[in-house]
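Subject: Structure handover

Hello,

Here is the structure we discussed. My notes on it follow below.

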Amino acid sequence: MPLIQVDGPPIDIEKKRRLVKELTDVAVKIYEIEHIIVLIRENSPENVGSNGQLIADKHKEEMRG
């Protein structure tokens, strides 16, 4: 049974429904099976770093201009 795992920032429930539906539809077409699992893992900006800096701090800098 294929597993699609998505790690990203928090999104609202409607976007999650759309994401799960669209990923599943594509995977069903490609794998030609009906049993697809989609796992969404949300990571807050305080828990993710890029280029040696927390995303939360990067956003604060961008807001300040």
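Glu32 sits in the loop between α1 and β2. The model is predicted, so please read what follows in that light. Glu32 has a positive phi of about 60°, although it is not a glycine. Most residues other than glycine have a negative phi. Glu32 follows α1. Its relative accessibility is 68%, so Glu32 counts as exposed, the cut-off being over 50%.

Asn51 is another case. Its phi is positive too, at about 55°, and Asn51 is not a glycine either. Asn51 is in the loop between β3 and β4. At 75% relative accessibility, Asn51 counts as exposed.

Helix α1

The helix α1 covers residues 13-31. It has 19 residues. From first C-alpha to last, α1 reaches 26 Å. That is close to the 27 Å expected at 1.5 Å a residue. Asp12 caps the N-terminal end of α1. A side-chain oxygen of Asp12 lies 3.0 Å from the backbone nitrogen of Glu14. Past the helix comes Glu32, with its positive phi near 60°.

Salt bridges

Side chains of opposite charge can pair when their charged atoms come close. The count here comes to 5 salt bridges. Three of them are described below, beginning with Asp7 and Arg41.

Asp7 forms a salt bridge with Arg41, and the closest N and O atoms are 3.3 Å apart. Asp7 lies in strand β1 and Arg41 in strand β2 (residues 37-42), so this pair ties together parts that are 34 residues apart in sequence. Asp7 is partly exposed, at 43% relative accessibility. Arg41 is partly exposed as well, at 41%.

Two salt bridges belong to α1. In one, the side chains of Glu22 and Arg18 meet at 2.9 Å, N to O. Glu22 and Arg18 are 4 residues apart in α1, so about one helical turn separates them. Glu22 counts as partly exposed, at 42% relative accessibility. Arg18 counts as exposed, at 56%.

In the other, Lys21 pairs with Asp25. The closest N and O atoms of Lys21 and Asp25 are 2.8 Å apart. Again the partners are 4 residues apart in α1, so about one helical turn lies between Lys21 and Asp25. Asp25 is partly exposed, with a relative accessible area of 32%.

Strands β3 and β4

Gly49 is in strand β3 (residues 49-50). At 55% relative accessibility, Gly49 counts as exposed. Leaving out residues up to four places away in sequence, Gly49 touches Leu54 and Ile55. Gly49 and Asp25 are 24 residues apart in sequence. In space, C-alpha to C-alpha, Gly49 and Asp25 are 32 Å apart.

Leu54 is in strand β4 (residues 53-54). Leu54 is partly exposed, with a relative accessible area of 37%. What does Leu54 touch, not counting residues up to four places away in sequence? The list is Pro45, Glu46, Val48 and Gly49. As for Lys21, Leu54 is 33 residues from it in sequence and 31 Å from it in space, C-alpha to C-alpha.

Helix α2

Ala56 is found in helix α2 (residues 55-64). Is Ala56 buried or exposed? Ala56 is buried, with a relative accessible area of 13%, where the cut-off is under 20%. Setting aside neighbours within four places in sequence, Ala56 is in contact with Pro45 and Glu46. Pro45 and Glu46 are also among the residues that Leu54 touches. Ala56 and Arg18 are 38 residues apart in sequence and 26 Å apart in space, C-alpha to C-alpha.

Surface patch

One nonpolar surface patch is on my list. Met1, Leu3, Ile37 and Leu39 make it, and its area is about 410 Å². Leu3 is in strand β1 (residues 3-8). Ile37 and Leu39 fall within the residue range of β2, 37-42.

Best wishes

Notes. Residues numbered from 1 in each chain as written. Predicted model: local features only at pLDDT ≥ 70, side-chain atom pairs only at ≥ 80, totals over all residues. Heavy atoms only, no water. Helix = DSSP H or I, 4+ residues; strand = E, 2+ residues; numbered from the N terminus. Buried < 20%, exposed > 50% of the residue type's maximum accessible area, 1.4 Å probe, protein only. Contact = heavy atoms within 4.5 Å. Patch = residues over 30% accessible without salt bridge, like charges linked within 9 Å, V, L, I, M, F, W, Y side chains within 5 Å. Areas by Shrake-Rupley, 256 points an atom, 1.4 Å probe, with all protein chains shown as cover. Salt bridge = Lys/Arg side-chain N within 4 Å of Asp/Glu carboxyl O. Expected span 1.5 Å × (residues − 1). Polar contact = N/O pair within 3.5 Å; in protein donor to acceptor, adjacent residues only side chain to side chain.
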